[in-house]
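Here are some exercises to work through with the structure open beside you. Try each task yourself before you read the solution.

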Amino acid sequence: MKKKGSPRAAKSGRPSPLPPRPYQFPRFERRRLKNGMQVVVAPVRKLPIATVIALVEAGAVCGYKGREGVARLTAELLLEGTTNNDGVELVERFERLGTSVDASADWDGTVVRLTALHEQLSPAIKLLSEVLRSPAFPQREVERLKAERLADLLKLRTEPRGLADEMFTGILYEPTSRYAMPEGGSEESVRAITREDVTGFYNWRYQPGGVTLIIAGDITPDEAERLALETFGDWSGPAAAQCRTSDEPARHTRALHLVSKPDAKQSELRIGNVGFPRNHPDYYAAVVMNAVLGGLFSSRVNLNLRERHGYTYGAFSHFDWRRLAGPFVVSTAVQSEVTAPAARQAIHEIDRIREDQITGDELSLATSYLGGVFPIRYETTDAIAGALATLVEYALPDDFYDTYREHMRAVTSDDVLRVAQTHLRPSEMQMLAVGDASAIQKPLETLGFGPITVYDTEGNVV
Amino acid sequence: MRIPIDTFRLPNGLFVTLSEDHTAPIVAVNLWYHVGSANERPGRTGFAHLFEHMLFQGSADVGSNEHFELIQRAGGTLNGSTWLERTNYFETVPSNQLELVLWLEANRMGKLLPAMTQQKLDTQRDVVKNERRWSMDNQPYGTWWERLPMLCFPPEHPFHHSLIGSMEDLDAASLEDVRLFFQTFYTPENAVLTVTGDFDPEQARRWVERYFAPIANGNGRPALPDAAMPRIFGAWKREVVPDNVMLPRLFLSFLSPVFGSEPFYPASVCAAILGMKKGSRLYKSLVRERQVAAEAQAFTYDLTRGSDLLVIDVTGRPGISGEQLEQEVAREVDVLFASGVTEDEVARAVTLIQTEYTRALQSAGERADRLSMFATYFSDPALINSQVRRYRSVTADAVNAFISDRLGESNRASLLYVPRTGTMRAHRSGEFSGARL
């Protein structure tokens, strides 16, 4: 390798980069068992370890009205006992294999995940199939996990960050949307869930045609298929169709929501609107736009609120990607006394990125960052398996990871301006603050953002 | 699995570790400075961490916040962190950008002071105060990591005081403090540099020499503060903190053998038996069977001098008082103290630790950080390759010897958070019967 000169090197002897070395996202293969179950395998031979994910078509958007939270509860209950092993035995058997299993439901799917050393992979997958195929859902554990979720909700009221996130999503969507309720359900809906709801949900959603087994790591596709066949081959059942919900906003005009938390020493601020679905042609330009606005440390929002004004430890923006339109949110936590000026600066940055093209420097910073960190994101078997789960969950093309960097490089300043104008909609943005109302209500009102509603930490209007 | 290691030392004292891995075109650069909150002088708590923020404010040839921009433009990730005994700075970048990162790190190690201004210090002081509010003051239980060392180490001990610092001490920090701290602690011989991943070792070495060798030697390696501690507390220490929380949470600590020492490994295995994952004793008993706790874990602080801490962290479920929670946890420890552990429990813990270790070492940044750690604390990065073996050689007898020695009543310190009067009642929490973190 020989170092090349470049104009950038002129500034104070700054080194310029060597030619980039090639990178390829790990090759993967798709196989399908006769029962409809899909197997996706990415052989990665770096260390003797592999990650296994069972992705189940059983997201939080599936379920019954008034029983929201059943998807999460069912996922967690998979690990609380099978027809062969009770919960304690199950945990011990996994842990003796040097592994532990996580099961959780997001909006669009349930993910059951483990990482094991190569020598333990075969027994670990066998045990995983037992978890997926013959859960016992013991009544006692149903009650215990329901109580745990209720306690979570209770604790959330004293945790301003989580409270702000959850309440902001709640006020964003129309009440009939599943998105208006917490992913894990509300106090009322969780209380109402019975063991029959769980078994009903399981029988409806957990079918081989709706399960993808993803393995990344020290394994070959043939080995993986053989293991899948041995452990899941004789599982049968009808395929479950995808679930839908509304992703319509609650309001098309601006409104300010203040959650009164008298002991708060900072204000948690959220500003945003309903975004757009993950599998959408604007995805790449929106990711670049978000990087410039609030995705990077050197983003406009963070440099303004943190480095210029010292209002906060950090300020960010993000799109919450889902199959349907998830939220777009700018979020920060600021000192109570500067809540209103901080909100004004955040709004100013949202307006500004919709008014003018970003500079060439900003565009190149965002695209070179996004392209460069790509291989860094996929160093571990965990991350590779997770990326494949995303691919399956959102039905992205198989070459998505191979063409990602090209797509990023192709984004122009015009594209960024267009997606900012399309997907950031100041006229219908909602603002939420969790903080000390006595200190922040008046200053926030002077912003003239929109009509204000004040809530307590349980979400009741006061 | 063996991590390859090559080391050398520059004439100015900088210790360098190179570890190649060409499976991806990625390279990680990691610097540990052997200075942390333990080195702060009275009246300047929080300064080591505030200083870490200043290192991102530019140097002679780098503008304010330009370090972040240059690394991100190169397609890399970066950060820094401050701990009681060290401060680290790290970047992972595409491998063709290695030279830039070395240049940036050398520029701030050698020429930080010309870029320091009162205005930058004032802004970062505000940012750090907001970090304090965000991570501690406005978080339920957020002050635990300030209060726990205060409870466990005596007032004059270097681990006693707050790492994030008091608002008053942050206010008092001056540009003169920045200059003194830099000249004393940010010297080549008080630092180690590690590079892992995809690089040409000869070229990397040439770059390291070109950029770091001209940096002047400091005034000798600064002495480490006296950290001596007794083997046990001598009596059960207790602090109860009424806070704006819904559920009680107990941090029960024990003085334990320092990180990396021979007796550390049985102590670490004991922590895993008590509180690593759902098959651990505390989880099985308190969360699952007795249903008095919402969450339970145990860990070591990994301090290398004076004494380490083994900490049990248990959150109660609704309806359980702080007092009950402490009794329930103490009973589990008493059972362990009376009967010890089995070989089977040791095997579970060691197997889990081994998987976690292998899993972590997949990342170039993690490898670099651990190599820097072993180089800083023990002048021997190759220790990274003997950790699994050391864990595997731990026996039940060794764990039981640790338990008899350290888990008795005269070596316990309880930091107990309880809901402020009124908090619970206002939310009708009594009717719930379970919880989880």
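**Exercise 1. Find how far apart the centres of domain 1 and domain 2 of chain A are, and which elements of domain 1 touch domain 2.**

Step 1. Taken over C-alpha atoms, the centres of domain 1 of chain A and domain 2 of chain A are separated by 29 Å. This is a predicted model, in which local features need pLDDT of at least 70 and side-chain atom pairs count only at pLDDT 80 or more, while totals for chains, interfaces and linings use all residues. Residues are numbered from 1 along each chain as its sequence is written, and chains are lettered from A and ligands numbered from 1 in the order in which they are written.

Step 2. Mark the bounds: domain 1 of chain A covers 29-232 and domain 2 covers 255-455. Such bounds come from an automatic or database domain assignment.

Step 3. Look at the contacts: 27 residues of domain 1 of chain A are in contact with 22 residues of domain 2 of chain A. Here, contact means that C-beta atoms, placed from the backbone, lie within 7 Å.

Step 4. Name the elements on the domain 1 side that give two or more residues: β2 (38-43), β3 (49-56), β5 (110-117), α5 (160-172) and β6 (211-217) of chain A. The largest share, nine residues, comes from α5(A). Helices (H or I, at least four residues) and strands (E, at least two) are DSSP runs, numbered from the N terminus.

**Exercise 2. Work out the strand order of the open five-stranded sheet in chain B.**

Step 1. The order is β7-β11-β8-β10-β9 (chain B), and the pairing is mixed. Two strands pair if DSSP finds at least two bridges between them.

Step 2. Find the edges: β7 (237-243) and β9 (293-300) of chain B each pair on one side only.

Step 3. Check the directions. β7(B) and β11(B) are parallel over seven bridges, and B:Val240 stands opposite B:Leu416 in β11(B). Strand β8 (residues 249-256) of chain B runs antiparallel to β11(B), with five bridges; here B:Ser253 stands opposite B:Ala413. β9(B) and β10 (residues 308-316) of chain B are antiparallel over seven bridges, with B:Phe299 opposite B:Val311.

**Exercise 3. Decide whether the residues of β11 (residues 413-419) of chain B are buried or exposed.**

Step 1. Recall the cut-offs: a residue is buried if 20 or more other C-beta atoms lie within 10 Å of its own, exposed if 12 or fewer, and partly exposed in between, with C-beta atoms placed from the backbone.

Step 2. Count along the strand: seven of the seven residues of β11(B) are buried.

Step 3. Split them by face. B:Ala413, B:Leu415, B:Tyr417 and B:Pro419 lie on one side, B:Ser414, B:Leu416 and B:Val418 on the other, and both faces are covered.

**Exercise 4. Describe how chain B meets chain A.**

Step 1. 67 residues of chain B are in contact with 64 residues of chain A.

Step 2. Elements that each supply at least two residues of the chain B side include α2 (66-73), β5 (87-94) and α3 (98-110) of chain B. α4(B) gives the most, with eight residues.

Step 3. Check the confidence: the predictor gives the complex an ipTM of 0.90 and a pTM of 0.93. Chain B averages a pLDDT (the predictor's confidence in each residue, from 0 to 100) of 93.

Definitions and conventions:
Two residues are in contact if their C-beta atoms, placed from the backbone, lie within 7 Å.
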